[in-house]
Amino acid sequence: MDAFDIVVIGGGSGGSAAAGRLSEDGKYSVCVIEAGSTNNSWRIIAPGMLPFLPKPSNWRFETVPQKGLNGRRGYQPRGKGLGGSSAVNAMLYVRGCAWDYDNWAALGATGWGYQDVLPVFRRAEGNVRGEDAFHGARGPLSVSDQLWPNPGSVDFVDAAAELQLPRNADFNGEKFEGVGIYQVTQKQGERWTAARAYVLPQQAAGRLHVETGAVVEKIVIENGRATGVRIRQGRSTKTITARRAVILAAGAFGTPHLLMLSGIGPAAHLKDHGINVVVDRPEVGANLQDHIDYVASFKTGGDVFTGTSLAGSLRFLRSIFEWRSKRTGTLTTPYAESGGFAKTRPDVAVPDVQFHFVPAMLEDHGRESVKGVGYSIHVCVLRPESRGTVRLASADPLAAPLIDPNFLDDDRDLDVLRAGVKLVHRIANAPPLAKHQGVDRHATPLQDDAALDDLIRNRADTVYHPVGTARMGSDDQAVCDPQLRVRGVAGLYVADASVMPRVVSGNTNAPTIMIGERCADFVRADLA
């Protein structure tokens, strides 16, 4: 079939949710187009294989040189294949705080306040803890407690609590601030991707068509309406017709890239690449925001934490055998097991930094092997002021976009991150963690702000939460209206993190799934 009622570009978190919901009653014929594979490898399904994911499951983007990172290029891993980044992330189920969504509404995203989105989060969620005012128990997205957290991850929570950071057993409940063990998008010891939640059940039922290995070249626009998608599979190209709607869900990098390839974006930039301008929309690819992150790393020795030792390697092999036979044990780890949200100053309204505690030493996003045993603590800036862009490198659809997060361009971000790094070291020095006698691998100059700032600029990078490049709003400059319709093109919607006016205070997977769910609601209402 080359014609469907609805075509969804991208099988990631937002696209999966939108496609699954729109196809579940069989009223519409729906097609998902995904550039990657089915992502059914056991190395994706086993949570603890996160450092050893198949290379084709990751786009492995890089940024342009970052002035704020002393000229370094940042690494930008993004999921490729069904499930998108939910197939390669740390599986943490975090929504952000109520303030985030009320702020969206105040900025012009009408109907996106916390009380508007909470029912959608609950509808999507299948939480093992059951249903209450904040959680759902019957949704397709399985949310579980960690069953085998490392003892050191618990020590992090105890250490932070000694500094009077409140304990919090549910970051998605009544209170947001505090420290605890994260819940994860897993089911019975397996990674539960957005595709497993939304796409595979409808595909198996014959209600959803999926094209994998299909690179989208452009959205076909005729007489001001999106009517289809031109794709390339191997050496062949074809057009898939969308009779009613096209939903673009290619992510914070892919969505603006495809909009611009299709003639929707800053007119001068499009003309520079020989692309005919369909809609002059300067904000396409603008407003890029991401959580800038610093990783403190401590070498401990002993057998509590994970590392490159003979004993550790043997334990890891045993954990693979246990997981493959029982779906239990330490291979169910998300690695970022504990963490939380804190204020670096008493006058901020809501927490401005987030922690991720990892019971292993990390360097360069885990791409560099670190000898020995130890632990790491991430700290990121939750509401960055710096803004970046996504731009075309060329008119070739296969060419990666130019990604410029413009990290630490605004000094306020560096102020927050510096305070966060100092707080991390105070936590590491509290007795529950200090008992492990960790040695700071980077001899962090905590008493010299200039030297600390230079260390941060030499080591900080993304914690994988890019958003905002096709923002929604009520103003004429917004790329999408609050019903996620692309302004200037009928029948075209966006269902991913690119529509966020501001990045949420936390991990972005659960909010992106919520956006996909809401997009399905809006499309259904428009087609009724």
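Biologist: Which side chain of opposite charge is nearest to Asp 461, and how far away is it?

Modeller: Keep in mind that this is a predicted model. Asp 461 sits in strand E24, residues 461–462. Asp 461 is buried and has no salt bridge; a bridge would need the nitrogen and oxygen within 4 Å. The nearest side chain of opposite charge is Arg 72, at 5.0 Å.

Biologist: Which backbone nitrogen does the side chain of Asp 461 reach, and at what distance?

Modeller: Leaving out neighbours within four places in sequence, Asp 461 has contacts that include Leu 69, Gly 74, His 291 and Phe 407. Tyr 75 is also among those contacts. The side chain of Asp 461 reaches the backbone nitrogen of Tyr 75 at 3.0 Å.

Biologist: Let's move to the rings. What is the angle between the planes of Phe 171 and Tyr 182?

Modeller: A pair of aromatic rings is described by the distance of the centres and the angle of the planes. The count for the model is 17 aromatic pairs. Phe 171 and Tyr 182 make a tilted pair, 5.2 Å centre to centre, with the planes at 50°.

Biologist: How many residues apart are Phe 171 and Tyr 182, and where does each one lie?

Modeller: Both rings belong to buried residues, Phe 171 and Tyr 182. Phe 171 is in the loop between helix H5 (151–162) and strand E7 (178–181), while Tyr 182 is in the loop between E7 and strand E8 (186–187). The pair links distant parts of the chain, and the separation is 11 residues.

Biologist: What about Phe 305 and Phe 357: how many residues apart in sequence are the parts they tie together?

Modeller: Phe 305 and Phe 357 form a tilted pair, 6.3 Å centre to centre and with 55° between the planes. Phe 305 lies in the loop between strands E16 (292–299) and E17 (307–308), and Phe 357 lies in strand E19 (residues 353–358), so the pair ties together parts 52 residues apart.

Biologist: Which residues do ring pairs link into a cluster?

Modeller: Phe 305 and Phe 357 are both buried, and both belong to the cluster. The full set linked by ring pairs is Phe 156, Phe 298, Phe 305, Phe 355, Phe 357 and Tyr 375.

Biologist: Which residue lies over the face of Trp 42?

Modeller: There are two charge-over-ring cases to mention here. Lys 80 lies over the face of Trp 59, at 4.3 Å from the ring centre. For Trp 42, at 4.3 Å from the ring centre, the residue is Arg 324.

Biologist: Is helix H1 largely enclosed or open, and how many of its residues are buried?

Modeller: The buried residues of H1 include Ser 13, Gly 14, Arg 21 and Ser 23. H1 (residues 13–23) is largely enclosed by the rest of the structure, because its buried residues number 11 of the 11.

Biologist: What phi does Leu 408 have?

Modeller: Most residues other than glycine have a negative phi. Asn 406 has a positive phi of about 60°, and it lies in the loop between strand E22 (402–404) and helix H10 (411–429). Leu 408 is in the loop between E22 and H10 too, and counts as buried at 2% relative accessibility. Its phi is positive, about 55°.

Biologist: What is the relative accessible area of Gly 506?

Modeller: Gly 506 is in the loop between strand E25 (492–494) and helix H13 (509–527). Leaving out residues up to four places away in sequence, Gly 506 touches Val 94, His 291, Phe 341, Gln 354, Leu 382 and His 465. Gly 506 is buried, with a relative accessible area of 0%.

Biologist: How far apart are the closest N and O atoms in the salt bridge between Asp 449 and Lys 422?

Modeller: The count for the model is 32 salt bridges. Asp 449 counts as partly exposed at 34% relative accessibility, and Lys 422 is partly exposed at 29%. In their salt bridge, the closest N and O atoms are 2.8 Å apart.

Biologist: Which residue forms a salt bridge with Lys 238?

Modeller: Lys 238 is partly exposed, with a relative accessible area of 27%. Its partner counts as buried at 12% relative accessibility. The closest N and O atoms are 3.7 Å apart, and the partner is Glu 211.

Conventions:
Residues numbered from 1 in each chain as written. Predicted model: local features only at pLDDT ≥ 70, side-chain atom pairs only at ≥ 80, totals over all residues. Heavy atoms only, no water. Helix = DSSP H or I, 4+ residues; strand = E, 2+ residues; numbered from the N terminus. Buried < 20%, exposed > 50% of the residue type's maximum accessible area, 1.4 Å probe, protein only. Lys, Arg positive; Asp, Glu negative; His and termini not counted. Polar contact = N/O pair within 3.5 Å; in protein donor to acceptor, adjacent residues only side chain to side chain. Contact = heavy atoms within 4.5 Å. Phe/Tyr/Trp six-rings, centres within 6.5 Å; stacked < 30°, edge-to-face > 60°. Lys NZ or Arg CZ within 6 Å of the ring centre and 35° of its normal.
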